[in-house]
Amino acid sequence: MTPTEPAPIRILLADDHALVRRGVRLILDREPDLEVVAEAGDGAEAVALARAQDVDLAVLDVSMPRLTGLQATRDLAALKPGLRILMLTMHDNEQYFFQALKAGACGYVLKSVADRDLVAACRAAMRDEPFLYPGAVTALIRNYLDRARNGEQTSDHVLTAREEEVLKLVAEGHSSKEIAQTLVISVKTVHRHRANLLGKLGLHDRLQLTRYAIRAGLIEA
């Protein structure tokens, strides 16, 4: 690595099957910007390693002994709020998918297509962008429509029209300056709207705003 090259993304990999870990590590370590620096065989070990080591991204299997990937995700999100977490699973299952998002994961990757999707998911996570496989996007939309048809009150009703505009642009990846130019408002006003959005929705960062915008149908994933 030359002085001008950024340090690789430091990854914690957790799966209770050694052969799976080996295969996933081969996929990740062949990329110059990705480096597996720690491996765990269960969720509890993953949490302990994240506590002891400096890692940027955790890739966790959903089904593991001691602590499952979902339980470990909740613990890691509380322990290290800046840590990005991807779920790696064999389950193309809406229940697991929604639980993973709720726990704090920023992406959901199927093992069956890990060789195709995992590297892109890791890079997306570090850009604060969610990574969802196509079936997961369909599940999000169906869930939202089902709640709307059932007359369930959704939290997007509390947003003003301007806040929805700002939310959509934030979720699409625009900078505060770009949003200000698009909406013909000041950057300070953009920051105020963003703070109001986080407060009203009980969210903490851009990634969570993007998840919300997808669920609310404001943007396409």
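## The two sides of helix α8

In this predicted model, helix α8 spans residues 176–183, and within α8 the residues Ile179, Ala180 and Leu183 are buried. These three residues cover an arc of only 100 degrees around the axis, which means that they lie on the same side of α8. A general rule about helices helps here: an α-helix has 3.6 residues a turn, so residues three or four places apart point the same way.

On the face of α8 that is turned away from its buried side, one finds the exposed residues Lys177, Gln181 and Thr182. The buried residues of α8, by contrast, are covered by elements that include α7 (161–171) and α9 (187–201). After α8 comes Val184, and the phi of Val184 is positive, near 55 degrees.

## How α7 and α8 pack

The helices α7 and α8 pack at an angle of about 135 degrees, and their axes are 10 Å apart. On the α7 side the contact is made by Arg162, Glu165, Val166, Leu169 and Val170, while on the α8 side it is made by Ile179, Thr182 and Leu183. Two of these names have appeared before, since Ile179 and Leu183 are among the buried residues of α8.

Angles over 145 degrees count as roughly antiparallel and those from 65 to 115 as roughly perpendicular, with oblique kept for the rest, and α7 and α8 are therefore oblique to each other. The crossing in which α7 passes α8 is right-handed.

## The open sheet

The model also contains an open sheet of 6 strands, which are arranged in the order β2-β1-β3-β4-β5-β6 and pair in parallel. The edge strands of this sheet are β2 (34–40) and β6 (131–132), each of which pairs on one side only.

At the β6 edge, strand β5 (residues 107–110) pairs with β6 in the parallel sense over 2 bridges, and Tyr108 stands opposite Leu132 in β6. Towards the other edge, helix α2 (residues 43–52) lies across β1 (9–14), β2 and β3 (57–61), and α2 runs at about 125 degrees to β2.

## A buried threonine in α10

Where in the chain does Thr210 have its place? Thr210 belongs to helix α10, which is made up of residues 206–215. Because its relative accessibility is 5%, Thr210 counts as buried, the cut-off for this word being under 20%.

If residues up to four places away in sequence are not counted, Thr210 touches Pro130, Ala171 and Ile219.

Notes
Residues numbered from 1 in each chain as written. Predicted model: local features only at pLDDT ≥ 70, side-chain atom pairs only at ≥ 80, totals over all residues. Heavy atoms only, no water. Buried < 20%, exposed > 50% of the residue type's maximum accessible area, 1.4 Å probe, protein only. Helix = DSSP H or I, 4+ residues; strand = E, 2+ residues; numbered from the N terminus. Arc of directions from axis to C-beta. Contact = heavy atoms within 4.5 Å. Pairing = 2+ DSSP bridges. Axes fitted to C-alpha atoms, helices over the stretch in contact; angles between N-to-C directions. Parallel < 35°, antiparallel > 145°, perpendicular 65-115°, else oblique. Left-handed = near helix turned anticlockwise from the far one by under 90°.
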